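Got your viewer open and ready to click around? Here's a walk through the structure, one selection at a time.

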Amino acid sequence: MRIRPRGDTKIVEGDLTPMIDMTFQLIAFFMLVINFSEVEQDQRVQLPASELAQPPDSPYEYPFTIHLTRTDNYIFGGSQLTELSQLRSALLKETQIIKRHTAKELADVTIVIRADENAKTGQVQEVIQTCQELEFGKFALRGKVSDVPTLKQP
Amino acid sequence: MKIRNTERRETIVLQMTPMIDIVFQLLVFFVFTFKIVLPEGDFNIRMPSATASPSSEAPETPLLKVKLQANDEGELVRVQLGDLFLDGDAPFHQLHAQIRELVSDDAGPGSTDQEVEIEADYGLKYRYAMTAITAITGYLDSDGNKHKLVERVRFAPLAED
């Protein structure tokens, strides 16, 4: 078959302006909402809600975050621990690092406790007690910021 | 001045392709690094170990004890403030009212050195403890301003089994 060369081929150009407009708007949106701060959140923990829980005015100088899941496990330093003794030895390691390599005191360290709303209160107390034994003294119990009052809920 | 009408006009075509490439790459980067962060807040509690703090003088104000009892499933059964049992549909609301009555906040925020100790059953779900802390530490007024009631809250030491 012979293909005949056509005489008048026109370059068809789509109008890209609306697409570029949209894309720039999307970029602007994502640039504004992006948060580079490392927030220690874990999907395995669903925090209890409280209307009085407020984000700290300034970030903690030396925070240690301990997560407590609803399945009675602890998460510390990215690893899941099943026993309190494991958490204790992990914390002990951290205390030795602080004592040897930093000028900070253990009392300056804030232990942030992110416990699941269905975790056992006794376990939270055990964690606090363990930290106290290791000479930590500042604790922050983390909760989800709630817009509705929680006191009247049964 | 006379403007000459030039016969041959060159059409300048802007090369959009590299710009669109970069823009899409930027967009993909931002989409992938985007994560939804729910707002979280803290209750700061200072609980140094009993041995570490030798200042165990008798406090001027008596310690208020809040007892939270749980059933086997960890659900709240009863709230007790001192010797007072708080039954009803919203025990934490009652607890809050009692605390507010005891600690009058007329003198301004943080004016009290009252300390509250929470004694909860081991299996109690943590959300009840958090609600109790909310009831004790303060309240939000109708304008959304935060008022502090009792700032010194601590957990009772665990009973030895």
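Before the first stop, keep in mind that this is a predicted model.

**Stop 1: a loop in chain A**

Start with A:Asp72, which you'll find in the loop between β2 (63-68) and β3 (74-76) of chain A. This residue isn't a glycine, yet its phi is positive, at about 65°. With 26% relative accessibility, A:Asp72 is partly exposed.

Stay in that loop and pick A:Arg70. Its side chain meets that of A:Asp116 in a salt bridge, 3.6 Å from N to O. A:Arg70 sits in the loop between β2 and β3 of chain A, while A:Asp116 is in the loop between β5 (110-115) and α3, so the pair ties together parts that are 46 residues apart in sequence. Which of the two is buried: look at A:Asp116, whose relative accessible area is 0%. A:Arg70, in contrast, is partly exposed at 42% relative accessibility.

While you're in chain A, jump to A:Glu135, in the loop between α3 (121-133) and β6 (138-145). Here again is a residue that isn't a glycine but has a positive phi, this one about 75°.

**Stop 2: all of chain A**

Now zoom out and select the whole of chain A. Colour it by secondary structure and you should find three helices and six strands. Trace them from the N terminus and the order reads α-β-β-β-β-α-β-α-β.

How much of chain A is buried? Of its 154 residues, 40% are. Switch on the surface and you're looking at about 9700 Å² of accessible area, with 51% of it belonging to carbon and sulfur atoms. As for contacts in chain A with a separation of 6 or more, 75% are between residues 24 or more positions apart.

**Stop 3: where chains A and B meet**

Select A:Arg142 and B:Asp42 together. They form a salt bridge, and their closest N and O atoms are 2.7 Å apart. This pair crosses between chains, going from strand β6 of chain A to strand β1 (residues 40-46) of chain B. Both ends are tucked away: A:Arg142 is buried with a relative accessible area of 12%, and B:Asp42 is buried with 7%.

With both chains still showing, pick A:Leu16, A:Met19 and B:Phe24. These residues make a nonpolar patch on the surface, and together they have about 230 Å² of accessible area. A:Met19 belongs to helix α1 (residues 17-33) of chain A, and it is partly exposed, with a relative accessible area of 35%.

**Stop 4: the sheet in chain B**

Move over to chain B and show the cartoon. Look for an open sheet of five strands, in the order β4-β3-β2-β5-β8, with mixed pairing. What stands at the edges? That's β4 (84-86) and β8 (152-155); each has a single partner strand, so one side of each is left without a neighbour in the sheet. Turn the view and you'll see the twist: on average, neighbouring strands are turned by 25° against each other, direction ignored.

Two helices are worth adding here. Helix α2 (residues 91-102) of chain B packs on the sheet, touching β2, β3 (76-81), β4 and β5, and its direction makes about 10° with that of β3(B). Helix α3 (residues 126-137) of chain B lies across β2, β3, β5 and β8, running at about 155° to β8(B).

**Stop 5: from β2 to β8 in chain B**

Zoom in on β2 (residues 64-70) and β5 (residues 115-120) of chain B, which run parallel and are joined by five bridges. One bridge partner to find is B:Glu117 in β5(B), which matches B:Lys65. Next along, β5(B) and β8(B) also run parallel, with four bridges between them. There, B:Val116 has B:Val153 in β8(B) as its bridge partner.

Show the side chains of β8(B). On the covered face are B:Val153 and B:Phe155, and on the uncovered one B:Arg152 and B:Arg154. Why the back and forth? In a regular strand the side chains alternate between the two faces of the sheet.

**Last stop: a charged network**

Finish by selecting B:Lys65, B:Glu115, B:Glu117, B:Arg152 and B:Arg154, which are linked in a network of salt bridges. One of the pairs is B:Arg152 with B:Glu115, whose closest N and O atoms are 3.4 Å apart. B:Arg152 lies in β8 and B:Glu115 in β5 of chain B, so this pair ties together parts 37 residues apart in sequence. B:Arg152 is partly exposed at 43%, whereas B:Glu115 is buried at 17%. Over all chains, a search of the whole structure finds 13 salt bridges.

Notes: Residues are numbered from 1 along each chain as its sequence is written. Chains are lettered from A and ligands numbered from 1 in the order in which they are written. This is a predicted model: local features need pLDDT of at least 70, side-chain atom pairs count only at pLDDT 80 or more; totals for chains, interfaces and linings use all residues. Side-chain values use heavy atoms; hydrogens and water are left out. Patches are made of residues with over 30% relative accessible area and no salt bridge: like charges are joined within 9 Å, nonpolar side chains (Val, Leu, Ile, Met, Phe, Trp, Tyr) within 5 Å. Accessible areas come from the Shrake-Rupley method with a 1.4 Å probe; for residues, only the protein chains shown count as cover. A salt bridge is a side-chain nitrogen of Lys or Arg within 4 Å of a carboxyl oxygen of Asp or Glu. Buried means under 20% relative accessible area, exposed over 50%, partly exposed in between (1.4 Å probe, protein chains only). Two strands pair if DSSP finds at least two bridges between them. Axes are lines fitted to C-alpha atoms, for helices over the stretch in contact, and angles run from 0 to 180 degrees between N-to-C directions. Contact means heavy atoms within 4.5 Å.
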